[in-house]
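Trainee: I would like to learn how to read a protein–DNA model from its coordinates, one feature at a time. Could we work through an example together?

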Amino acid sequence: MRFLKILISQFHKLYKVNGINDEIKNIFQRLIHEYYNKFGRDFPFRRQINPYYVLVSEVMLQQTQTNRVSLKFLEFIKRFPDFESLAMANNNDILETWQGLGYNRRALALKKIANIIIQEYNGELPNSIEILKTFPQIGHNTASSILTFAYNKPTFFIETNIRRVYIYYFFPGRTNIDDKEILEILKKTIDAKNPRKWYYALMDYGVMLKKNHPDLYKRSKHYKKQPKFKGSDREIRGHILKLLIKKKEFPIEEMIRIIGLSKIRVKKIIDQLEKEEFLKKVENLIKLV
DNA sequence: GTCCTGAAGC
DNA sequence: GCTTCAGGAC
């Protein structure tokens, strides 16, 4: 701890005078690693690593807290242990296991990805950002993190905890910081020899920083307040899907009655769910696909 | 660019 | 009421 404090104060002093250079890079890497060696977090998806587990956990971790993902991850890989079993599974079982994580379309996307990997990539997760980005629900950040965690390949990506670390150390006093600026410095400071460990360490450090500096993210250009969940279409949509997963099918009129809101509003949400391939309408029934 | 998308802990 | 490991559709 004492050693860590020395590194931190050295960093601030030297960065203020010289800006970014090799010495700063060295001190920064040492302090991040030093913290991780002492206080790094332990997760099931960090203990057992294979490309399938990494894909599942990274998709689960989009917009969802680590502590909520840990248990679900174990449940999920127990029920769907590999690409093949997920590709063979039906949506109903997948959504049932997914309950509690939210953003259910991620679950459907995972199944689609499993299908693509079995059919087009011989059952192996492609080792390429460009290919991964063609998969549903996989953008640049998720593609990069998957490659780094699955194959220990150096990539450059920002997520909320990483952003917090860079804002804190490299943009003191600044506001409206663009991720492009952070990415430039991130590229210059990466530990390319141990990318997997490096990114674990960065994220864990960012989580720690949040305790004493909860407002760091607000200095990002990309900070946005979320709209209210209570009373939103999202809440209704979640409710409809939850009922459907439990009972498989409902007469559409009964669903409208249970939800207790205007027919027009509920129908619109049901149409959207149909369009996203969660459910289908059969005569007067709605049922899971 | 803007809007949409869950659920839970605090 | 607040925040929380973004990505897709438009």
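Trainee: Which atom of DNA strand C is 2.6 Å from an N or O atom in the side chain of Gln65?

Mentor: A base oxygen of DNA strand C takes that place opposite the side chain of Gln65, and the pair is a polar contact, that is, a pair of N or O atoms within 3.5 Å, where within protein one must be able to donate a hydrogen and the other to accept it, and residues adjacent in sequence count only if both atoms are side-chain atoms. Before going on, note that this is a predicted model, in which local features need pLDDT of at least 70 and side-chain atom pairs count only at pLDDT 80 or more, while totals for chains, interfaces and linings use all residues. Residues are numbered from 1 along each chain as its sequence is written, chains are lettered from A and ligands numbered from 1 in the order in which they are written, and side-chain values use heavy atoms, with hydrogens and water left out.

Trainee: How many residues surround DNA strand C, and which parts of the strand come within 4 Å of the protein?

Mentor: A residue is near a strand if one of its heavy atoms lies within 4 Å of it. Here 24 residues are around DNA strand C, and Leu61, Gln63, Gln65, Thr142 and Lys275 come nearest. Sugar or phosphate accounts for 75% of the strand C atoms within 4 Å of the protein, and bases for the rest. Among the phosphate contacts, a backbone N or O atom of Ile138 lies 3.2 Å from a phosphate oxygen of DNA strand C, and a polar side-chain atom of Tyr223 lies 3.3 Å from a phosphate oxygen of that strand.

Trainee: What is the residue make-up of the surface near DNA strand C?

Mentor: Classes are assigned by residue name: Ala, Val, Leu, Ile, Met, Phe, Trp, Tyr, Cys and Pro count as nonpolar, Asp, Glu, Lys and Arg as charged, and the others, Gly among them, as polar. On that basis, the surface near DNA strand C has 7 nonpolar, 10 polar and 7 charged residues, whereas the surface near DNA strand B has 3 nonpolar, 7 polar and 5 charged residues.

Trainee: Which residues are closest to DNA strand B?

Mentor: Of the 15 residues that surround DNA strand B, the closest are Gln63, Tyr103, Gln226, Arg234 and Arg237. Sugar and phosphate make up 57% of the strand B atoms that come within 4 Å of the protein. As for the bases, a base nitrogen of DNA strand B is 2.9 Å from a polar backbone atom of Gln63, a base oxygen is 2.7 Å from a polar side-chain atom of Tyr103, and a base oxygen is 3.0 Å from an N or O atom in the side chain of Gln226.

Trainee: Which helix gives the largest share of that surface?

Mentor: Helices (H or I, at least four residues) and strands (E, at least two) are DSSP runs, numbered from the N terminus. Helix 14 (residues 233–247) contributes 4 residues, the largest share of the surface near DNA strand B, and chain A has 16 helices and 3 strands.

Trainee: Why is helix 4 described as largely enclosed by the rest of the structure?

Mentor: Buried means under 20% relative accessible area, exposed over 50%, and partly exposed in between, with a 1.4 Å probe and protein chains only. Helix 4 (residues 51–61) is largely enclosed because 9 of its 11 residues are buried, including Tyr52, Val56, Glu58 and Met60. At the start of helix 4, a side-chain oxygen of Asn50 reaches to within 2.9 Å of the backbone nitrogen of Tyr52, and just after the helix Gln63 takes a positive phi of about 65 degrees.

Trainee: Is Lys72 buried or exposed, and what does Lys72 touch?

Mentor: Lys72, which lies in helix 5 (residues 66–79), is buried, with a relative accessible area of 15%. Contact means heavy atoms within 4.5 Å, and, not counting residues up to four places away in sequence, Lys72 touches Met60, Thr97, Trp98, Gln99 and Leu101. A polar atom of the Lys72 side chain lies 3.1 Å from the backbone oxygen of Thr97.

Trainee: What does Phe76 touch?

Mentor: With the sequence exclusion of up to four places, Phe76 touches Tyr52, Val56, Met60, Leu86, Ile94, Thr97, Trp98 and Leu110.
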